[in-house]
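Colleague: I have a new model open and I would like to learn how to read it. Could we go through it together, feature by feature?

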Amino acid sequence: MKFIKAVYAIFSKDLINEKRTFETLGSMLVFALIVVLIFLFSFDLSVGLRKEAASGIIWVTLCFAGTLSLDRTMALERETEAIDALRMAPYDATVIYFAKVLGNWFFLLVVAGIVVAAYALFGNVMLFTGGFIAILLMGTFGYILIGALVGALNMQIRSRGPLLSVLLFPLLIPLLLAAVNASSLVLTGNDPAGLRTWVGMLAGYDLLFLAAGIMLYNKILDE
Amino acid sequence: MIRAEKISKSYGNRLVLRDLDFSLEPGEIVALLGVNGAGKTTLIRALCGLNKTDSGSIQVDGDNLSDSSPDIRRKFGVVLHSTLLYNNLTCRENLEFYARLYDLDSRNERVNQSLEMMDLLSRASEKTGTLSRGMQQRLSIARAMIHDPLYILFDEVFTGLDRRFVNMNIELIQREAGAGKGILFSTHDLDMVFSAATRVVILHKGDIIFSQAVEVLDPQHFKRTYDDLVQEPDQVLGSSRRRN
């Protein structure tokens with residue numbers, strides 16, 4: 001119970017900070033909306049093609065927007081070395097990990113909701129289906145599980161920006177492949193067997209990244 | 001009691017702490033002196049577990065720091081040169097956050113007491129980032145003490161505070177030591193040593209070269225010889241360095 005309270009304390013502290021500055025969500029939203037609108041208005045696609053392309057465009061957008069959040073939330077802890085105070089709290093460092101996962105996932109889901117709504121509105125396609133939302137939840141969760149880990153590593157080596165992407169994107173390739181294919185299949189309604197395989201892979205990667213986060217976060221912060 | 005035995009720490013090829021023995025007892029106020037780069041910050045960070053040592057052991061009330069449950073960290077309050085505060089949160093929100101993190105009872109009461117103790121009650125609703133360095137440092141002290149730790153470690157935090165607050169903090173650490181807390185502070189201010197500490201320890205190149213109770217020292221003589229002591233310890237102390 002104390003563990004959950006501590007996770008919630010760090011998460012709500014990040015929300016208060018975001019409410020004051022709107023730095024993370026602001027930059028993510030501006031970036032994500034520009035990307036989606038450029039994709040939509042650059043090509044004169046039919047409704048069917050827009051639906052087929054939705055999966056790739058939305059995941060590319062979320063993938064890049066997510067790095068802004070991951071970089072910003074760890075920079076917040078590094079600014080005044082507050083990460084040291086968090087590490088002095090009487091908990092395992094996984095408290096910080098779960099709080100950062102929760103916070104970044106929340107920001108990414110807000111952006112995902114707005115991006116999908118914008119794509120549906122301007123692309124005139126129906127994207128809000130149960131299956132697609134479930135895959136968005138699973139995919140973004142996996143992304144943040146590994147992203148929070150790499151974000152901590154990035155903080156420890158005192159780098160900002162490019163190195164996060166360099167470290168993160170290669171690790172994300174299998175997850176993104178699964179997410180893009182599963183989303184595409186669920187939107188087009190083709191190949192239910194293939195869909196099950198991709199969803200299975202997505203769930204597998206989520207579990208793998210969760211285990212990696214729990215095992216490695218302590219070690220990363222200790223170095 | 002915190003007892004460090006034969007601890008060593010290096011960064012790359014640079015040995016920062018070398019086979020160092022140190023202890024801090026409840027009720028004791030230890031002033032840690034030494035030139036920049038002597039290893040004071042590394043020692044403080046090692047004693048509370050923020051930095052892992054390469055060798056040696058640190059025991060806290062008989063428990064090995066590296067093997068113990070994270071709950072042992074509740075015994076420490078640490079004030080470092082950085083404030084460890086969130087600049088966009090108000091003074092009150094910062095302290096409330098740390099009170100929640102430590103799962104303290106009567107949080108509002110504790111937060112108010114801490115703000116009052118540091119004379120920051122009237123600035124409680126101001127964003128921390130807008131405060132002066134001295135005020136941020138006072139808030140940082142309140143943050144470190146909000147969970148009533150048994151050992152309080154200060155790393156050169158009295159720099160930047162005006163005389164009134166230095167005196168206020170001297171009173172505070174003496175009161176805390178009187179209540180059985182162990183206090184360690186690093187400083188370059190020799191006046192602070194003689195007004196607050198019960199023991200003085202000098203670090204030189206990662207080793208303790210001097211450790212004496214303040215009451216047996218002659219302040220004037222100590223102040224006169226201090227610069228030579230930290231620059232050329234062998235000449236001042238002789239080849240067999242004085243240790244307690």
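## Reading the model together

Modeller: Gladly! Let us start with a sheet in chain B: six strands form it, it is open, its order is S6-S7-S8-S3-S9-S10, and its pairing is mixed. Keep in mind that this is a predicted model.

Colleague: Which strands of chain B stand at the edges of that sheet?

Modeller: An edge strand is one to look for at either end of the order. Here they are S6 and S10 (207-213) of chain B; each has a single partner strand, so one side of each lacks a neighbour in the sheet. From one strand to the next, the twist averages 15°.

Colleague: How many bridges join S3 and S8 of chain B, and which way do they run?

Modeller: Strand S3 (residues 29-33) and strand S8 (residues 182-186) of chain B run parallel, joined by four bridges. To find your place in that pair, look for Ile29(B), which stands opposite Ile183(B) in S8(B).

Colleague: What packs on this sheet?

Modeller: Helix H5 (residues 163-178) of chain B does, touching S3, S7 and S8 of chain B, and its direction makes about 150° with that of S8(B). H1(B) lies across S3, S7, S8 and strand S9 (199-204) of chain B, running at about 155° to S7(B).

Colleague: Back to S6 of chain B: which of its residues point one way, and which the other?

Modeller: In a strand, it helps to follow the side chains one by one. In strand S6 (residues 76-79) of chain B, Phe76(B) and Val78(B) point one way while Gly77(B) and Val79(B) point the other way, and all are buried. S6(B) pairs with strand S7 (residues 151-155) of chain B in the parallel sense over four bridges, and Val78(B) stands opposite Leu153(B) in S7(B).

Colleague: What is the strand order in the sheet of four strands in chain B?

Modeller: The order is S2-S1-S4-S5 (chain B); this sheet is open too, with antiparallel pairing. Its edges are strand S2 (14-24) and strand S5 (63-64) of chain B, each with a single partner strand, so one side of each is left without a neighbour in the sheet. Inside it, strand S1 (residues 2-11) and strand S4 (residues 55-60) of chain B pair in the antiparallel sense over five bridges. In that pair, Ser8(B) stands opposite Ser55(B) in S4(B). Helix H1 (residues 40-47) of chain B lies across S1, S2 and S4 of chain B, at about 55° to S2(B).

Colleague: And how do I judge the overall shape of chain B?

Modeller: Set its radius of gyration beside the value for a compact globule. For 244 residues that value would be near 18 Å, and chain B has 18 Å, which agrees. Its secondary structure comes to eight helices and 10 strands, and 45% of its 244 residues are buried.

Colleague: How many helices and strands does chain A have?

Modeller: Chain A has eight helices and zero strands. Its radius of gyration is 18 Å, close to the 17 Å that the globule rule gives for 223 residues, so chain A is as compact as a globular protein of that length. Of the 223 residues in chain A, 48% are buried. Among contacts in chain A between residues at least 6 apart in sequence, 84% join residues at least 24 apart.

Colleague: How can I check the length of a helix, say H1(A)?

Modeller: Compare its end-to-end distance with the span its residues should give. At 1.5 Å a residue, the 20 residues of H1(A) should span 28 Å, and its end C-alpha atoms are 29 Å apart, which agrees. Several residues of H1(A) are buried, including Ala6(A), Val7(A) and Ile10(A). Among the elements that cover the buried residues of H1(A) are helix H3 (47-79) of chain A and helix H2 (91-101) of chain B. Just after H1(A), Phe22(A) takes a positive phi of about 55°.

Colleague: How many residues does each chain bring to the contact between A and B?

Modeller: Chain A brings 22 residues and chain B brings 25 residues. On the side of chain A that touches chain B, the largest share, nine residues, comes from H1(A). By class, that side of chain A has nine nonpolar, three polar and 10 charged residues.

Technical notes. Residues are numbered from 1 along each chain as its sequence is written. Chains are lettered from A and ligands numbered from 1 in the order in which they are written. This is a predicted model: local features need pLDDT of at least 70, side-chain atom pairs count only at pLDDT 80 or more; totals for chains, interfaces and linings use all residues. Two strands pair if DSSP finds at least two bridges between them. Helices (H or I, at least four residues) and strands (E, at least two) are DSSP runs, numbered from the N terminus. Two residues are in contact if their C-beta atoms, placed from the backbone, lie within 7 Å. Axes are lines fitted to C-alpha atoms, for helices over the stretch in contact, and angles run from 0 to 180 degrees between N-to-C directions. The radius of gyration is taken over C-alpha atoms; the globule rule is 2.2 Å times the number of residues to the power 0.38. A residue is buried if 20 or more other C-beta atoms lie within 10 Å of its own, exposed if 12 or fewer, and partly exposed in between; C-beta atoms are placed from the backbone. Ala, Val, Leu, Ile, Met, Phe, Trp, Tyr, Cys and Pro count as nonpolar, Asp, Glu, Lys and Arg as charged, and the others, Gly among them, as polar. The expected span of a helix is 1.5 Å times one less than its number of residues.
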